Amino acid sequence: MRIALTVGHSLLKNGSYTSADGKKNGGCNEYVWCKAFSKQLAKNLIKEGHKVTCIICPEKKFTSYKQEKDYKLNIINNGNFDLVIELHLNAATPSAEGTEVLYKSNTGKKYAEQIQKQLATLFRDRGVTHRTDLYILNGTKPPAILLETFFCTNSSDYKKAKGHINRNKIAKLVAKGIQNAI
């Protein structure tokens with residue numbers, strides 16, 4: 001399969017992130033974690049025989065989060081991909097925890113369910129959610145899913161995801177979910 005792997009959010013021209021930052025709660029910055037994770041997930045997907053394109057917005061170029069949308073959708077919709085996976089982390093109160101995968105299409109649901117099943121072996125299962133209000137799910141020609149891998153504002157979730165070894169463990173779970181959905 002040809003997979004577009006996108007990192008949700010970006011680092012704006014003024015140095016601010018458009019993402020959630022759970023560091024004050026013992027967690028992590030969403031953009032920083034997802035950017036590191038994207039590289040490990042790509043390697044695991046390539047090992048499974050997929051062709052992967054990582055889409056990370058240019059850092060310190062955009063002045064608004066709205067520019068992310070046009071940048072990503074242009075690459076995705078001109079790339080002849082079979083699947084789009086956007087990487088995010090959830091954020092809420094420090095007690096909120098778990099993993100969920102968002103989808104819009106029936107094909108997206110198939111992938112969401114299989115990935116969720118794998119991620120739920122490590123994090124609390126928040127289920128898969130049908131969403132119709134997100135540009136990455138609405139604006140792509142290929143089916144798309146959005147991973148809310150864990151809560152960056154929850155220190156317990158972050159302990160399971162912190163560091164290269166744990167990120168790779170999660171990457172293997174996502175890759176396995178994709179393989180199971182094929």
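Start by selecting D125, which sits in strand β5. Keep in mind as you look around that this model is predicted.

**Stop 1: D125 and its surroundings.** Is this residue buried or exposed? Its relative accessibility is 45%, so D125 counts as partly exposed, because that label covers values between 20% and 50%. Now show its contacts: leaving aside residues up to four places away in sequence, D125 touches T99, Q116 and A120. Then zoom in on the side chain of D125, where a polar atom lies 2.8 Å from the backbone nitrogen of G127. For a longer view, add L5: its C-alpha atom is 23 Å from that of D125, and the two residues are 120 apart along the chain.

**Stop 2: hop across to β4.** Which residue of β4 is the bridge partner of D125? Pick T99. Next, select residues 99–103 to light up the whole of strand β4. Five of its five residues are buried. Turn on the side chains: T99, V101 and Y103 point one way, while E100 and L102 point the other way. That's a pattern to remember, since side chains in a regular strand alternate between the two faces of the sheet.

**Stop 3: the neighbours of β4.** Select residues 125–130, strand β5, which pairs with β4 in the parallel sense over four bridges. To trace the chain between them, follow β4 into helix α3, residues 106–119, and on to β5; this β-α-β crossover is right-handed.

**Last stop: β6.** Select residues 144–151, the strand joined to β4 by four bridges, with the two running antiparallel. Finish on L146 of β6, the bridge partner of L102.

Terms used:
Residues are numbered from 1 along each chain as its sequence is written. This is a predicted model: local features need pLDDT of at least 70, side-chain atom pairs count only at pLDDT 80 or more; totals for chains, interfaces and linings use all residues. Side-chain values use heavy atoms; hydrogens and water are left out. Buried means under 20% relative accessible area, exposed over 50%, partly exposed in between (1.4 Å probe, protein chains only). Two strands pair if DSSP finds at least two bridges between them. A crossover is right-handed if, with the strands pointing away from the viewer, the path from the first strand over the helix to the second runs clockwise. Contact means heavy atoms within 4.5 Å. A polar contact is a pair of N or O atoms within 3.5 Å; within protein, one must be able to donate a hydrogen and the other to accept it, and residues adjacent in sequence count only if both atoms are side-chain atoms.
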